[in-house]
Structures are given as structure tokens and as C-alpha cells.
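Student: I should like to go through this model and ask what justifies each term applied to it. May we begin with the vocabulary of solvent accessibility?

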Amino acid sequence: MPSKINNVFAEEVKAGLSASPRHLSSKWFYDATGDELFQAIMAMPEYYLTDAEREVYQYCGPELLENIGDRPFDLIELGAGDGSKTRYLINDFIAAGANFTYRPIDISAHAVEELSRRVAAEWPQLDYSPLIGDYFAALNNLGEPDDDAVRLVLFPGANIGNFNQAEASGFLRHLHQFLRPGDLLLTGFDLRKDPAVILAAYNDPAGHTADFNLNLLRRINNELKADFDLQQWMHWETYDPLSGAARSYLVARADQTVAIGTLGKTFHFDAWEAISVEVSQKYSRREIEALAEKSGYTHVQHFTDDRVLFSDSLWKV
Ligand SMILES: C[S@@+](CC[C@H](N)C(=O)[O-])C[C@H]1O[C@@H](n2cnc3c(N)ncnc32)[C@H](O)[C@@H]1O
């Protein structure tokens, strides 16, 4: 992992564990172990999000191309992960003879390395230019596209849900500054649905989500020389149908003091004290359209799966 990201990680851990209430960002879930544990989550029956979005990516490629027209374009993917759904779009775009460059962005160096290996094996001729880093740091390094090129930005995986609704609008307005009139944004939104279905997706009986979230403490141990005892922590999930927010917490099972060597600091946790580690915001289609308008985009179309669990919503700048 590049040391710059490591420094940011250390600073964010220090700030989050010093705050009240305590919090850590879900973007730090994804080290090599986290990437693997997330694969297990995507494969479990309760985690409907991946299958639902895959269904959408299997059919929306031609309609995206219709919106782009004949122009060359940059296909920019924010938080690409393993890019397993994006391959359907790439295959459609190649089959249609589209002129495009694939530019995935991910904060996980491991995820980008794995993705690059797969791209080289599957599409050796593809114009491909990945970036490792936080979304906006990476977007700053993208450079200007050619005058006649447009950008199609993908923001899949319901990553937008990791912001609350106000933060999401701030993020999307910031993203707008990197885009030009005519550019397109396709964002994956997990839709509001039966609360039991949502809760089960983040609270599976096999304990994959618990392992994944607890791995954040293991990562702090490994990368910041800390001594969290994982046996002393548990995963807790809630879903509030009023706000539409699913929230994940790590809860201390006992009083404890944890030393973080890299920070030269100790942190005391009272028994049953919680660290907030993830929000997964759910949206109605009406809320998505309102978010587009509030953030300066024109809503074009919702692409949903058959069961209407998930929407990839297309907006135009
Ligand atoms: C939930 S996974 C989704 C992966 C893939 N897009 C999918 O839909 O299956 C989230 C991915 O986004 C990346 N990510 C999360 N926060 C990020 C950030 N702030 N900047 C860049 N990448 C981020 C993670 O490393 C991870 O690979």
C-alpha cells in the first residue's frame, strides 16, 4: 500500500477514535483481506445488491451507448473493486465498436492490481488507465479529456449509500465540478424495500459481514501497530425505515485500553461502547430524482432489476 494512503489512514483513525461518538470510515474496509471477505459477502444469498446490479449491467450497455452517441468517451469507474459487473458493459461497448478508454479508480491498491491482471488477460487491446486513490484525489489526476470526448462515470455497488443524504449531495456536486456539459453519470442506488430483507443483507447468519467489519480492527493492528483483541468486539447492525439508513457498528464487549503504536496513543473503550463504521443509505426513486436536481444534474432514466431491488440511475450534466 502506498505510504501516502497509509498516512491518511493513520490520521483518519486518530481523528475518528478521538471523536465523540467514535467513528471509522467504511472506505478502509478494503485491504487484501477485506477485498476477499467482500467477495464472500457478494456470493451470499442474503446480499441481493450484487446480483440485482449485475442484472442491470447485463442489459443497460446499448442504452448507455445511445445516450453517448458516436463520440469517443472515457469510462471512469469510481470504486471499481473487482469490476465484475462492469465487464458486461465493456463487452457490449467493444462489440458495438465504441471508441473508449477504461479508467477505474479505487482506494484499494490490491483491488486495482487484481483488476489490472484480469483486464490484461481478457481485453489485451483495451485502452486502459487505472488510478489508485481516494475518488477526488484520483479525479484530480485524471487530466482533461480530448475536446470531442465525453465522460461516462460509473459509481456502482451502492457506494453512494455510504454517505448520508446531505453528504451524498455534497459529493455529487463536487463530482459535477470535474464534469462537462453532456457528460453522464450512472450511480447505483439500493432501493427502499422490506426492512427484513435489508437487515438480513448486513447481518447474515454465516457471519461474513461480521468478519468483514471486524477486519477493520485487524487492519489497524497490522498497519498501525495496534493491539485490538478482536474477541472483545462484535458486529451490530440496525436499519431505520424512517431515514432509510442501515448502520453498522463495532461494539466493545468489555472495558479495554488499546494501544496504537504508529499514533503513539492509547484509547480507552468502555464496555458496550460502539464505533460507527458504515452507513448504507436506501433511496426511493423519487428521492433519487430529487437528489439529481439538488446536485445539479438532469435525471435521464432508472435502470432497475426485475424485482426492483436496485436502481442504476442515469443523470446528465
Ligand atoms: C462495495 S465495493 C464495490 C465494488 C464494485 N464497484 C462492485 O460494485 O462490486 C466498494 C469499492 O469501492 C472502493 N472505495 C470505497 N471508498 C472509496 C474511496 N473513498 N475512494 C476510492 N475507492 C473507494 C473500495 O476499495 C471497494 O473496492
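Student: Why is W272 called exposed?

Tutor: Its relative accessible area is 55%. Buried means under 20% relative accessible area, exposed means over 50%, and partly exposed is what lies in between, with a 1.4 Å probe and protein chains only. The value of 55% therefore places W272 in the exposed class. W272 lies in the loop between β11 (265-269) and β12 (274-281), and has a positive phi of about 70° although it is not a glycine.

Student: What conventions stand behind such values?

Tutor: Residues are numbered from 1 along each chain as its sequence is written, and side-chain values use heavy atoms, with hydrogens and water left out. The model is predicted: local features need pLDDT of at least 70 and side-chain atom pairs count only at pLDDT 80 or more, while totals for chains, interfaces and linings use all residues.

Student: What makes V308 partly exposed?

Tutor: V308 has a relative accessible area of 33%, a value between the two cut-offs, hence the term partly exposed. V308 also has a positive phi, of about 55°, although it is not a glycine. Its place is in the loop between β13 (298-304) and β14 (310-316).

Student: Why does A201 count as buried?

Tutor: A201 has 1% relative accessibility, which is under 20% and therefore meets the criterion. The residue belongs to helix α9 (residues 195-201). Helices (H or I, at least four residues) and strands (E, at least two) are DSSP runs, numbered from the N terminus.

Student: Which residues does A201 touch?

Tutor: Not counting residues up to four places away in sequence, A201 touches M44, E46, Y47, Y48, L49 and T209; contact means heavy atoms within 4.5 Å. A201 and Y48 are 153 residues apart in sequence, yet their C-alpha atoms are 7.0 Å apart in space.

Student: How do you know that the length of helix α2 agrees with 1.5 Å a residue?

Tutor: The expected span is 1.5 Å times one less than the number of residues. For the 12 residues of α2 (residues 32-43) this gives 16 Å, and the end C-alpha atoms are 17 Å apart, which agrees. The buried residues of α2 are G34, D35, L37, F38, I41 and M42. They cover an arc of only 165° around the axis, so they are on the same side of α2; the arc is that of the directions from the helix axis to the C-beta atoms. On the other side, E36 and A43 are exposed.

Student: Against what do the buried residues of α2 pack?

Tutor: They pack against α3 (48-59), α6 (109-122) and α10 (208-224).

Student: How do you know that the buried residues of α8 line one face of the helix?

Tutor: The buried residues of α8 are A168, S169, F171, L172 and L175. Seen down the axis, they fall within an arc of 160°, so they line one face. The general basis is that an α-helix has 3.6 residues a turn, so residues three or four places apart point the same way. S169, with a relative accessible area of 0%, is buried. Leaving aside neighbours within four places in sequence, S169 is in contact with L291, K294 and S295.

Student: What makes the largest nonpolar core a core, and how many residues has it?

Tutor: A nonpolar core is a set of buried Ala, Val, Leu, Ile, Met, Phe, Trp, Tyr and Cys residues joined through side-chain atoms within 4.5 Å. The largest has 44 residues, and those with the most contacts inside it are I220, F228 and I260. Its largest share, six residues, comes from α10. This core draws at least three residues from each of domain 1 (3-30 + 208-281) and domain 2 (48-193 + 282-316); such bounds come from an automatic or database domain assignment. A second, separate core of 28 residues includes I76, L78, F171 and L291.

Student: How many residues of domain 1 are in contact with domain 2?

Tutor: 15 residues of domain 1 are in contact with 14 residues of domain 2. The C-alpha centres of the two domains lie 28 Å apart.
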